[in-house]
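This report describes the fold of one protein chain and the charged side chains within it. The sequence and the structure are shown below.

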Amino acid sequence: MYYEQLNQIFQSLANPVEAQGMSAYMKNLFSFYGIKSPIRKEASKEILSQLKKEKEIQWDFVHKCWENPHRELQYVALEYLKSIKKRLTPQDIPALKNLALQKSWWDSIDVFDRVIGDIVLRNPEIENLMIEWSLDENFWLRRIAIDHQLLRKSDTNTSLLKTIILNNLGQKEFFINKAIGWSLRDYSKTNPDWVRNFVEKYKNELSNLSIREATKYL
């Protein structure tokens, strides 16, 4: 019911001209209805409100949005997952991983790292899973592992952060080196000395991009 209703609303708001530009911005990897973010959020607000009231997690809604070729539907599914992240448990990680590996791009992965990161923060016994992901052949999973502690501040597990970053040194992949820089830059706001020492120690192995991002606030 929720998916059909939302898709009908989005179809009525479709703007082919905007859609072309949005698709081009995303390297033509995805189709778009052409609905700008403020309009999309307003149009989906009531449905998201109703979804959050449901006792059960609405995985069917999420999967239907993911099957639709239009990226706006996936954005709403991600907004829903963010809104209920405190209800998600380690048992939900396989489903989240499966979604992350489909239609992967920075816009979806940078939501999954927060959602999955919140599960790990509340369940530190699964931190080893992030180490496993940091070694995975799929670089999007590695990016989630690298950035899953973003915004934790003093709750950051520096030993885990160090291990995951060291597992990804010497990479040529832009999205990995950028993620390393972001994770260090974010933590530098809380513990600049730790980040400064880390960069100094591993400067010969860190990419220039990672160093530039990591030291932005130092």
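Which radius of gyration does the protein chain have, and how does this value stand against that of a compact globule with 218 residues? The protein chain has 19 Å, which agrees with the value near 17 Å for a compact globule of 218 residues. The model is predicted.

**Overall architecture**

The protein chain contains 13 helices and 0 strands. Along the principal axes, its C-alpha atoms fill a box of roughly 55 × 40 × 30 Å. Buried residues account for 50% of the 218 residues. Among the contacts with a separation of 6 or more, 70% are made by residues 24 or more positions apart. The accessible surface amounts to about 11200 Å², and carbon and sulfur atoms contribute 49% of this area. The chain carries 32 positive and 28 negative charges, whose mean positions lie 5 Å apart.

**Salt bridges**

The count of salt bridges is 14. Three of them, including their N to O distances, are given here.

| Pair | Closest N to O distance |
|---|---|
| Glu4 and Lys64 | 3.5 Å |
| Lys64 and Asp60 | 3.4 Å |
| Asp118 and Lys86 | 2.8 Å |

The side chains of Glu4 and Lys64 meet in a salt bridge. Because Glu4 belongs to helix 1 (residues 2-12) and Lys64 to helix 4 (residues 59-67), the pair ties together parts that are 60 residues apart in sequence. Glu4 is partly exposed at 36% relative accessibility, and Lys64 is partly exposed as well, with a relative accessible area of 27%.

Lys64 also forms a salt bridge with Asp60. Both of these residues lie in helix 4, 4 residues apart, about one turn of the helix.

The side chains of Asp118 and Lys86 form a further salt bridge. This pair links distant parts of the chain, with Asp118 in helix 7 (residues 106-122) and Lys86 in the loop between helix 5 and helix 6, 32 residues apart. Asp118 is buried, with a relative accessible area of 7%, whereas Lys86 is exposed at 56%. Through shared partners, salt bridges join Glu4, Asp60 and Lys64 into one network.

**A buried acid without a salt bridge**

Asp92 is located in the loop between helix 5 (71-83) and helix 6 (93-100). Asp92 is buried yet has no salt bridge. Why does Arg122 not provide one for Asp92? A salt bridge requires a side-chain nitrogen within 4 Å of a carboxyl oxygen, and Arg122, the nearest side chain of opposite charge, is 7.6 Å away. Apart from neighbours within four places in sequence, Asp92 is in contact with Ile57, Trp59 and Arg87.

Technical notes. Residues numbered from 1 in each chain as written. Predicted model: local features only at pLDDT ≥ 70, side-chain atom pairs only at ≥ 80, totals over all residues. Heavy atoms only, no water. Helix = DSSP H or I, 4+ residues; strand = E, 2+ residues; numbered from the N terminus. Rg over C-alpha atoms; globule rule 2.2 N^0.38 Å. Buried < 20%, exposed > 50% of the residue type's maximum accessible area, 1.4 Å probe, protein only. Contact = heavy atoms within 4.5 Å. Areas by Shrake-Rupley, 256 points an atom, 1.4 Å probe, with all protein chains shown as cover. Lys, Arg positive; Asp, Glu negative; His and termini not counted. Charge placed at Lys NZ, Arg CZ, Asp CG, Glu CD.
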